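Please keep the viewer open beside this text, since each stop of the tour suggests a selection and then says what is found there.

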Amino acid sequence: APPAPPAPPEAASESPPEAASSEAAPAAPPPAAESQEAAPPESSEPVPEVAPPESSPEAPPPEPSPEAASPESLPRGPRGPLARADPLARLGAAFVLSLSLVWSIDVVSAGIALVAELALVPLLGVGWRAFWRRTAVVWVAAPLAGVTILLYGAPGGRHWVDWLAVHITDASIGLAIATVPRVLAIALPAVVLLVGLDATALADALAQRLRMPARFVYGALAAVRLAELFREDYRMLELARRARGVADRGRIRRFLGLAFALLVLSVRRGSALATAMEARGFGGTTPRSYARPSRMPARDWRYPLVAALVAALAITAAVVTGSWRFVVGA
């Protein structure tokens with residue numbers, strides 16, 4: 001066979017540059033790399049050195065404002081010695097005063113007890129503004145109770161007004177005058193001493209120190225905890241009904257519907273809580289242990305002792321002056 005003809009000179013001259021370019025292509029750096037390797041232009045101005053921040057002395061803690069430190073700004077309970085007192089001591093003081101003043105209807109014992117209670121209010125750490133705000137209902141209810149006794153009390157002596165069931169006599173006037181300070185003397189210490197009382201600490205004290213049945217004590221504690229949710233449940237039910245357009249008109253009808261829904265919700269929640277407590281052994285008859293030991297400090301005995309002293313002083317003054325009027329014979 002004849003030999004192949006040689007390649008044309010143009011093809012032979014073009015092939016070496018292409019091979020060379022293909023071999024040199026990987027070695028050429030991309031333009032982006034060149035821009036990254038390029039050094040920034042040198043500046044003749046010196047770069048200022050940044051000094052490290054000086055360690056400033058610790059700022060003193062902000063001082064509490066007088067409003068935050070005052071007992072009047074507290075929403076739940078007072079500060080001072082009364083807030084740190086044992087709950088059982090506070091309950092005992094209120095019980096001693098109330099029990100000693102219900103056996104008689106006279107002005108002397110009630111007046112002396114009321115004056116002594118008002119004098120002891122500043123010593124309890126309760127501000128006057130907080131005192132008047134918390135006891136405003138009592139100051140309104142006491143005169144109303146006196147008016148009721150005045151109009152419908154047991155008749156006796158001279159009759160001043162006789163109209164249907166209304167009989168204003170000398171006896172009803174005397175009873176009304178004695179009722180107003182007695183209601184104040186009984187209700188004011190209960191309100192002042194029991195406001196802000198820790199229900200959990202009181203339950204522990206009743207179960208451990210007074211040996212009351214744990215089933216009853218902790219069931220009552222659970223009920224108190226659930227009662228605190230009534231306001232929030234009522235608000236959520238009201239918002240839900242408004243969103244659905246149910247009972248948007250008529251206050252009485254809306255209130256009755258919300259009250260019934262709140263009753264159903266409370267029964268369901270109480271049943272679920274009772275079942276859970278039974279499952280956790282709260283209703284057992286075996287002796288139980290307590291996670292929070294309850295002990296009454298010796299200094300807290302002053303509250304029931306002072307209450308007993310005030311009650312004894314009031315009763316003695318009433319007996320000496322001859323104004324003691326036993327409630328059974330009244």
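Begin by selecting Leu82, Leu124 and Val126, which are the residues with the most contacts inside the largest nonpolar core, a set of 26 residues. The model is a predicted one, and everything on this tour should be read with that in mind. To see which parts of the chain enclose this core, colour helix H4 (87-101), helix H5 (107-120), helix H6 (128-134), helix H7 (136-152), helix H8 (170-194) and helix H13 (302-321), the elements that give two or more residues to it. Then keep Leu82 in the centre of the view and display its surroundings: leaving aside residues up to four places away in sequence, Leu82 touches Arg90, Leu124, Val126, Val192, Leu193 and Tyr303. In soluble globular proteins, nonpolar side chains tend to be buried together.

Next, move to a second core, of twelve residues, which lies apart from the core around Leu82, Leu124 and Val126; among its members are Leu206, Ala207, Val217 and Ala222.

From there, select helix H9, residues 199-208, and ask how many of its ten residues are buried. The number is eight, so that the helix is mostly covered, with burial taken as under 20% relative accessible area. The buried residues of H9 are Thr200, Leu202, Ala203, Asp204, Ala205, Leu206, Ala207 and Gln208, and they pack against H4 and helix H10 (214-227). Two of these residues, Leu206 and Ala207, were already met in the core of twelve residues.

Within H9, stay with Asp204 and show the side chain of Arg292 as well. These two form a salt bridge, in which the closest N and O atoms are 2.7 Å apart. Because Asp204 lies in helix H9 and Arg292 in the loop between helix H12 (251-279) and H13, the pair ties together parts that are 88 residues apart in sequence. Is each partner buried or exposed? Asp204 counts as buried, at 5% relative accessibility, whereas Arg292 is partly exposed, with a relative accessible area of 45%.

The count of salt bridges comes to eight, and two others are worth a selection here. Show Arg269 and Asp233, whose side chains meet in a salt bridge with an N to O distance of 2.7 Å. Since Arg269 belongs to helix H12 and Asp233 to helix H11 (residues 230-244), this pair ties together parts that are 36 residues apart in sequence. Asp233 counts as buried, at 12% relative accessibility, while Arg269 is partly exposed, with a relative accessible area of 28%. Then select Glu228 and Arg225, which form a salt bridge with their closest N and O atoms 3.7 Å apart. Here Glu228 counts as exposed, at 52% relative accessibility, and Arg225 is partly exposed, with a relative accessible area of 34%. Side chains of opposite charge can pair when their charged atoms come close.

Now turn to the strands. Select strand E1 (residues 159-163) together with strand E2 (residues 166-169), and the two will be seen to pair in the antiparallel sense over four bridges. Where along E2 should one look for the partner of His159? The bridge partner of His159 is Thr169, and Trp163 stands opposite Val166, again in E2. The hairpin of E1 and E2 has two residues between the strands, and in this hairpin Leu164 takes a positive phi near 55 degrees.

For the surface, select Phe95, Leu99, Val102, Trp103, Phe326 and Val327, which form a nonpolar patch with about 530 Å² of accessible area together. Leu99 has its place in helix H4, one of the helices that give two or more residues to the largest core, yet Leu99 is itself partly exposed, with a relative accessible area of 40%.

Finally, zoom out to the whole chain. The protein chain has 13 helices and two strands, and of its 330 residues 26% count as buried. The accessible surface comes to about 22,700 Å², of which 66% belongs to carbon and sulfur atoms. Among contacts between residues at least 6 apart in sequence, 72% join residues at least 24 apart.

Note on methods
Residues are numbered from 1 along each chain as its sequence is written. This is a predicted model: local features need pLDDT of at least 70, side-chain atom pairs count only at pLDDT 80 or more; totals for chains, interfaces and linings use all residues. Side-chain values use heavy atoms; hydrogens and water are left out. A nonpolar core is a set of buried Ala, Val, Leu, Ile, Met, Phe, Trp, Tyr and Cys residues joined through side-chain atoms within 4.5 Å. Buried means under 20% relative accessible area, exposed over 50%, partly exposed in between (1.4 Å probe, protein chains only). Contact means heavy atoms within 4.5 Å. Patches are made of residues with over 30% relative accessible area and no salt bridge: like charges are joined within 9 Å, nonpolar side chains (Val, Leu, Ile, Met, Phe, Trp, Tyr) within 5 Å. Accessible areas come from the Shrake-Rupley method with a 1.4 Å probe; for residues, only the protein chains shown count as cover. A salt bridge is a side-chain nitrogen of Lys or Arg within 4 Å of a carboxyl oxygen of Asp or Glu. Two strands pair if DSSP finds at least two bridges between them.
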